[in-house]
Structure formats: structure tokens, C-alpha cells
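Please open the model in your viewer and keep the selection tool at hand, since each stop on this tour begins with something to select.

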Amino acid sequence: CAVADAIDRDANLVVQAGTGTGKSLAYLLPAVLAGKKTVVATATKALQDQLAMHDLPMLQRHLGHEFSFCVVKGRGNYVCVQQLQELTEGQITIDLADTKSGLGAEIEKIRKWSQSDEIGDLALIDFPISDAAKAAVSVGADECPGASKCASGGRCFAEFARARAEAADIVVVNTHLYGLDVATEGKILPEHELVIFDEA
């Protein structure tokens, strides 16, 4: 009730509750029912994944109130289509034939997976991959030239995530990404009416 009341009054609210008491549902339910464009900023990627894979889908199934959601992470969390293409074409040289590490086989599995996946989030890969493989197929914001300057910009998973965020009712991010949005005066996330910090 306190969360719903704060949303109705456009007021700030700070709540503390123990682990496993249902905090996420206590803020997600009134946020969804309020019908406001909402950003939920979490302290960890694990909590992002919990909201996206469990809590929000459960509300979609049982609430009887239609809404959409998406997760937006930093660029380094997505397969970079251009990086992957350059790797497989040999434009970037790493020892893909190193049978000890199996890196080449991992990258090939990621390539095949990315061709049928719409999100490209490395955390959603359903087979084991090493940190080295993740690092090989992704780039950080400092390495990315931007969609308009990239040959694969029109197929960029990170850009697709931003486009989904524009259309979604609930956008789940981490606090670091929200901080970057504040620092860039709103250039990373869509305009929103409500923000919830979980584990602030």
C-alpha cells in the first residue's frame, strides 16, 4: 500500500525489508498497475535476471493486466555482431585453433546461438562458456564506434535492447547504467515517469 500511495502522490519512498519477504513484487505490482513508464534499477545483474526471468513473467501470466518489459545492460553484456564477424573471418587474430582452451569451438557455438537469438545477452546462453569467450565476442562502450559508424550497426543487439526499452512499460537496468544515464542527461535510457532502486 505504501508503494502504491507514493506512486499516486508522486512522492519519494524509502523501504527496508528482509531477504525473501517479497520486495520485488511489492514494488512491481503497483508500478505495473499505475501504468507509468518505469525504470527499475538493481544493484546486481543477478537481481536483473531474477526480475526478467521470474518475477515479471509471473506477473504477466497471472495479473490480468497487459504490460511489456525489457532488460537493458551495458554493451559488454551483449554479443557484438561486428566483433563476432571479424573473429570468424580472421580479421581479428586470436588463437582459435588452440585445442587446449577450446576457445575457437566456444566462439563458433556462440556464433550459431546468436543467429537464432533475438536478444544476444551473454547471460542467457544456455551452454557453458568461458570468460575468455565472453570477452572475445563482446566490446565495451569505449571500444564501440556507435551504431551509425559500425558496419553491423543495423544488427546490433545492444541497440535492439535500447529500442525495446523505448517501447516497454517496465525497463530493468542496473544502478551503474542508471548513473550513466543521469551523467549523460538522459542519452542512454528512455524518458520515464517512475524510478525504483532495488538494493539502493
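In this predicted model, begin by selecting Arg 9, which counts as exposed at 53% relative accessibility, and add Asp 5, which is partly exposed at 36%. The two form a salt bridge whose closest N and O atoms are 2.8 Å apart, and both residues lie in helix α1, four residues apart, about one turn of the helix. It is one of five salt bridges that the structure holds.

Next, select Asp 121 and Lys 73, another salt-bridged pair, with 3.0 Å between the closest N and O atoms. This pair links distant parts of the chain, for Asp 121 lies in the loop between α5 and α6, while Lys 73 lies in the loop between β2 (69-71) and α4, 48 residues apart. Are these two residues buried or exposed? Asp 121 has a relative accessibility of 5%, and because buried means under 20%, it counts as buried; Lys 73, also at 5%, counts as buried too. Add Asp 49 to the selection, and you will have the three residues, Asp 49, Lys 73 and Asp 121, that are linked in a network of salt bridges.

Move on to helix α5 and select Arg 111 with Glu 108, which lie three residues apart in that helix, about one turn. Their salt bridge brings the closest N and O atoms to 2.5 Å, and both partners are partly exposed, Arg 111 at 22% relative accessibility and Glu 108 at 28%.

Staying with α5, turn to the largest nonpolar core, which has 20 residues and in which Val 79, Ile 107, Ile 110, Ile 125 and Val 137 touch the most other members. Helices α4 (81-88), α5 (103-116), α6 (131-136) and α7 (157-167) each supply at least two residues of this core, and the largest share, four residues, comes from α5. Which residues surround Val 137, if its neighbours within four places in sequence are left aside? Select it and display its contacts, and you should find Tyr 78, Val 79, Cys 80, Gln 83, Leu 84, Leu 87, Ile 107, Ile 110 and Leu 122. A second, separate core of 17 residues can be located by selecting Leu 28, Leu 51, Ala 52 and Leu 56, which are among its members.

Cys 80, one of the contacts of Val 137, deserves a selection of its own. This residue is buried, at 17% relative accessibility, and its sulfur is 5.9 Å from the closest cysteine sulfur, that of Cys 150; because a disulfide requires sulfur atoms within 2.5 Å, this is too far for a bond. The count of disulfides comes to zero. For contrast in surroundings, select Cys 1, which is exposed, with a relative accessible area of 91%.

Now look at the surface and select Met 53, Ile 119 and Leu 124, which together make a nonpolar patch of about 230 Å². Ile 119 lies in the loop between α5 and α6 and counts as partly exposed at 34% relative accessibility.

Finish with two backbone details. Asp 10, in the loop between α1 (2-9) and α2 (23-34), has a positive phi of about 55° although it is not a glycine, and it is exposed, with a relative accessible area of 64%. Glu 185, in the loop between α8 (175-183) and β4 (194-198), likewise has a positive phi, near 55°, and counts as exposed at 76% relative accessibility.

Key:
Residues numbered from 1 in each chain as written. Predicted model: local features only at pLDDT ≥ 70, side-chain atom pairs only at ≥ 80, totals over all residues. Heavy atoms only, no water. Buried < 20%, exposed > 50% of the residue type's maximum accessible area, 1.4 Å probe, protein only. Core = buried A, V, L, I, M, F, W, Y, C linked by side-chain atoms within 4.5 Å. Contact = heavy atoms within 4.5 Å. Patch = residues over 30% accessible without salt bridge, like charges linked within 9 Å, V, L, I, M, F, W, Y side chains within 5 Å. Areas by Shrake-Rupley, 256 points an atom, 1.4 Å probe, with all protein chains shown as cover. Salt bridge = Lys/Arg side-chain N within 4 Å of Asp/Glu carboxyl O.
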